[in-house]
Amino acid sequence: MPDQLLRCIPSSSNGATVLTLEGLLHGRTWRPLATIQPDVRVSARDTLNLDIFAPRLTWQTHTRTPSLLSLKGGNGGLRLSTIVSVHSHDMLRIETRLTVRRPVRLELARDLLHLADIPITRVWSPLQTPLPEMIVGDFAFHTPLAAIETPNACLAIIPNLRLLTAHRRVPTALSCDLPSRQFAYGCVPYHLLRDTYCVHYDTDSVELHGVLVYAYFLYFQNDCKPGTGLRRAVHRVWQLYAVTRALQAAPQRRPFEEPVSYTH
């Protein structure tokens with residue numbers, strides 16, 4: 001059986017729990033790749049969307065069993081629960097459930113990954129984000145991943161499309177901010193700009209009451225030849241979703257002459 005290549009180590013500081021994501025290198029040593037923590041921004045429906053009115057939501061406790069890691073936290077009428085489990089030797093599955101007991105305005109609810117000091121040779125996402133307010137919305141999840149390459153390894157975030165299909169109460173999005181070395185995935189209200197870019201401002205919010213769920217996979221491979229890490233990650237996405245997508249394929253409904261004339 002192949003060695004497990006990824007693991008999450010919880011640590012607590014000032015009452016908050018943070019996950020350290022570690023990858024197994026060729027020398028059978030574990031190296032920190034990123035830290036993971038929740039980023040949830042809500043406000044009451046009758047208050048301004050300002051930090052002073054927003055409850056801070058963190059993981060506060062964690063428990064571990066042989067098969068999974070459970071993290072929980074809460075603040076007022078908000079409850080946060082995250083499960084980290086092993087999907088395969090090169091992938092972890094992370095599912096977060098936000099329970100809202102009274103109606104609030106939700107700006108976003110996501111998991112934030114802050115990359116460690118590792119050399120990055122390439123970053124790829126399925127949509128360009130040249131401005132800070134631009135994100136990769138699920139509008140662009142025909143290729144659902146964001147990946148970084150190092151000289152001999154690859155780390156990727158892959159949204160869980162099966163859960164997204166069943167639980168899309170709020171749009172989901174990836175965020176890739178290389179200057180700050182931050183990646184994120186979760187529920188983020190956004191709108192299209194010029195039919196090409198996905199944009200989220202802090203004024204974009206939705207009313208939420210009940211349960212919100214989002215999930216994703218973390219993929220890591222440590223034996224990539226230079227420049228091949230993204231190809232390995234895309235192949236993994238194909239293994240996850242190709243069969244299901246093929247079964248959902250529909251026949252051509254419009255004649256090709258219509259898009260050709262429109263394009264011209």
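**Aromatic cluster, strand 11 and the nonpolar core**

Ring pairs link Phe 141, Tyr 185, Tyr 214 and Tyr 216 into a cluster. The model described here is a predicted one, and by the criterion applied to ring centres the count of aromatic pairs comes to three. In one of these, the rings of Phe 141 and Tyr 185 have centres 6.3 Å apart and planes at 35°, an angle that lies between the limits of 30 and 60 degrees, so the pair is classed as tilted. This pair joins distant parts of the chain, with Phe 141 placed in the loop between strand 9 (134–137) and strand 10 and Tyr 185 in strand 13 (residues 182–187), 44 residues apart. Both partners are withdrawn from the surface: Phe 141 is buried, with a relative accessible area of 4%, and Tyr 185 is buried, with a relative accessible area of 1%. The ring of Tyr 185 also pairs with that of Tyr 216, and here the centres are 5.8 Å apart and the planes stand at 70°, so the arrangement is edge-to-face. This second pair again links distant parts of the chain, since Tyr 185 belongs to strand 13 and Tyr 216 to strand 16, 31 residues apart. Tyr 216, like Tyr 185, is buried.

Strand 16 (residues 206–221) is also a partner of strand 11, to which it is joined by six bridges in an antiparallel arrangement; within this pairing, Ala 156 stands opposite Tyr 219 of strand 16. Strand 11 is further joined by five bridges to strand 10 (residues 146–150), and these two strands likewise run antiparallel. Strands 10 and 11 form a hairpin in which two residues lie between them, and Ala 147 is found opposite Ala 156 of strand 11. Ala 156 thus stands opposite a residue in each of two pairings, Ala 147 in one and Tyr 219 in the other.

Seven of the seven residues of strand 11 (residues 153–159) are buried, so the strand is largely enclosed by the rest of the structure. In a regular strand the side chains alternate between the two faces of the sheet. In strand 11 both faces are covered, with Ala 153, Leu 155, Ile 157 and Pro 159 buried on one side and Cys 154, Ala 156 and Ile 158 buried on the other.

Ile 158 is, together with Ile 36, Leu 98 and Leu 218, one of the residues that touch the most other members of the largest nonpolar core, which comprises 71 residues. Strand 7 (residues 91–115) gives the most to this core, with eleven residues. When neighbours within four places in sequence are left aside, Ile 158 is in contact with Met 91, Pro 144, Leu 145, Tyr 216, Phe 217, Tyr 219, Val 237, Leu 240 and Tyr 241. Among these contacts is Tyr 216, a member of the aromatic cluster.

A charged residue was examined separately. Glu 22 is found in strand 2 (residues 16–24) and, at 13% relative accessibility, counts as buried, because the limit is under 20%. The side chain of Glu 22 makes a polar contact of 2.7 Å with the side chain of Arg 7. Residues up to four places away in sequence not being counted, Glu 22 touches Leu 5, Leu 6, Arg 7, Ile 9, Trp 30, Arg 31, Pro 32 and Leu 33. Glu 22 and Pro 55, by contrast, are 33 residues apart in sequence and 30 Å apart in space, C-alpha to C-alpha.

Note on methods: Residues numbered from 1 in each chain as written. Predicted model: local features only at pLDDT ≥ 70, side-chain atom pairs only at ≥ 80, totals over all residues. Heavy atoms only, no water. Buried < 20%, exposed > 50% of the residue type's maximum accessible area, 1.4 Å probe, protein only. Helix = DSSP H or I, 4+ residues; strand = E, 2+ residues; numbered from the N terminus. Pairing = 2+ DSSP bridges. Contact = heavy atoms within 4.5 Å. Polar contact = N/O pair within 3.5 Å; in protein donor to acceptor, adjacent residues only side chain to side chain. Phe/Tyr/Trp six-rings, centres within 6.5 Å; stacked < 30°, edge-to-face > 60°. Core = buried A, V, L, I, M, F, W, Y, C linked by side-chain atoms within 4.5 Å.
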